[in-house]
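Reader: I should like a close look at a single part of this protein, namely the region around its cross-linked cysteines. Please describe that part and then place it in its wider setting.

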Amino acid sequence: MAINNRESNVQEESNPLLSQQFEEPQKDAEKPAKASPETQSPEKSQAEMGHVNGGGNGCGWTADGLPLGHGSVMGEPMGRAQWDSGLLACLGRNDDFCSSDLEVCLLGSVAPCVLYGSNVERLGSTPGTFANHCLSYYGLYLIGNTFFGWNCLAPWFSYPSRTAIRRKFNLEGSCEALHRSCGCCGSFVEDEVQQEQCETACDFATHVFCHACALCQEGREIRRRMLHPGFNAQPVLVMIPPGEQAMGRGA
C-alpha cells in the first residue's frame, strides 16, 4: 500500500496539468493590470488642455492667496492676466466699483500722494504704513514742482509699486502686451530675465510719462483684488473659565 501511495504521489507531481495550474496564476500575477475602458482616458495635447489666463473677477488663487482666472494644469506655465482696466480708462468701469473708480480718479488728479500711499498700504496688507509712503511721496512731489516745474522725482520713487502689482497678480507688462498685439517687442527678448528687465523699464517709463494715469490704473486694480488691510478683522478668541466644581460625598 505504501508503494502505491508513493506511485500516486509521483504521478500527481509529474502530472503536466498540475504544473500548468500552478504556472498560470504566476503568469497572471506577472502581467500588468490593464485598465478598463471606462478608466482609460485618451491623452490630451497641450492645445486641448489649454493654458490658464489668470486675473479678472471671481477666480482661483495664487501661491500668495490672490485670485486667478482658472486653475492651472500640472506641468504647464501659468498664463498672464490682463489689467482689469486700461491705462487711460480714467473713470474705470460701470460695475460694483464705480464709486471707488471715481474716488481714485479724483485722488489721482488732486492728491496723488494720498492715492499712492493707499495703494502701497493695500498692496503690503500692513495697516498703519500709509503715512510713511504718503509723506515720502509728497516731499518728492514738492521738490520736483518747486525746482523743476513738474513732478519729475516722485515717479522714481513710485514706479516699483507698479512692478510689485504686476508680479503679485501675474499681470502682463507693456512689452508683452505690445508683442501680443503687434509682435514688435519679441525679437530682442531672449529669456525671462531680459523680459523682466524690459518690463521694469516700461513700468518706469509709464510712471514718468503717464504718472497720474498709472497711479489710477494701479488703484483700480488693487481695489478690485484686495480689501483694505483695516477691514481684515482678526478673530478674537474669548477664553471662558470653567465653573467651580465642588467635591461631594456620596450617601
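Author: Cysteine 175 and cysteine 198 are both buried. The model is a predicted one, and in it these two residues are joined by a disulfide, with an S to S distance of 2.3 Å. The pair links distant parts of the chain, since cysteine 175 belongs to helix H8 and cysteine 198 to helix H9, 23 residues apart. The torsion about the S-S bond is about -65°, so the disulfide is left-handed. A search of the whole structure finds one disulfide.

Other cysteines may be set beside this pair. Cysteine 152 has a relative accessibility of 14% and therefore counts as buried, the cut-off being under 20%. Cysteine 213 takes part in no disulfide; the nearest cysteine sulfur belongs to cysteine 90 and is 4.7 Å away, whereas a disulfide requires sulfur atoms within 2.5 Å. With a relative accessible area of 21%, cysteine 213 is partly exposed.

Helix H9, which carries cysteine 198, deserves attention next. The 18 residues of H9 should span 26 Å at 1.5 Å a residue, and the C-alpha atoms at its ends are indeed 26 Å apart, so the two values agree. Its buried residues are Cys198, Glu199, Cys202, Asp203, Thr206 and His207. An α-helix has 3.6 residues a turn, so residues three or four places apart point the same way. The cover over the buried residues of H9 includes helix H7 (154–168), helix H8 (174–181) and helix H10 (211–225).

One of these buried residues, threonine 206, may be examined individually. Threonine 206 lies in H9, which runs over residues 192–209. Its relative accessible area is 11%, which means that threonine 206 is buried. Apart from neighbours within four places in sequence, threonine 206 is in contact with Leu87, Arg162, Ser174, His211 and Ala214.

On the other side of the disulfide, glutamate 176 is found in helix H8. The relative accessible area of glutamate 176 is 21%, so this residue is partly exposed. Glutamate 176 and cysteine 198 stand 22 residues apart in sequence, and their C-alpha atoms are 9.4 Å apart in space. Once neighbours within four places in sequence are set aside, the contacts of glutamate 176 are Arg80, Gln195 and Glu199.

Helix H8 also contributes to a pocket. The second largest pocket has a volume of about 180 Å³. Its lining consists of Gln82, Trp83, Leu87, Arg162, Arg166, Glu172, Gly173, Ser174, Ala177, Arg180, Asp203 and Gln217. H7 and H8 are the elements that give two or more residues to this lining. With three residues, H8 gives the most. Leu87, Arg162 and Ser174, which are among the lining residues, are also among the contacts of threonine 206.

The wider setting is as follows. The protein has 10 helices and four strands, in the order α-α-α-β-β-β-β-α-α-α-α-α-α-α along the sequence. Of its 251 residues, 29% are buried. Among contacts between residues at least 6 apart in sequence, 66% join residues at least 24 apart. The accessible surface comes to about 17,300 Å², and carbon and sulfur atoms account for 58% of it.

Terms used. Residues numbered from 1 in each chain as written. Predicted model: local features only at pLDDT ≥ 70, side-chain atom pairs only at ≥ 80, totals over all residues. Heavy atoms only, no water. Buried < 20%, exposed > 50% of the residue type's maximum accessible area, 1.4 Å probe, protein only. Contact = heavy atoms within 4.5 Å. Areas by Shrake-Rupley, 256 points an atom, 1.4 Å probe, with all protein chains shown as cover. Expected span 1.5 Å × (residues − 1). 1 Å grid on protein atoms, 1.4 Å probe; cavity = no way out; pocket = protein on both sides within 12 Å on 5 of 7 lines; lining within 4 Å. Points joined across faces, edges and corners; volume = space filled by probe spheres on them.
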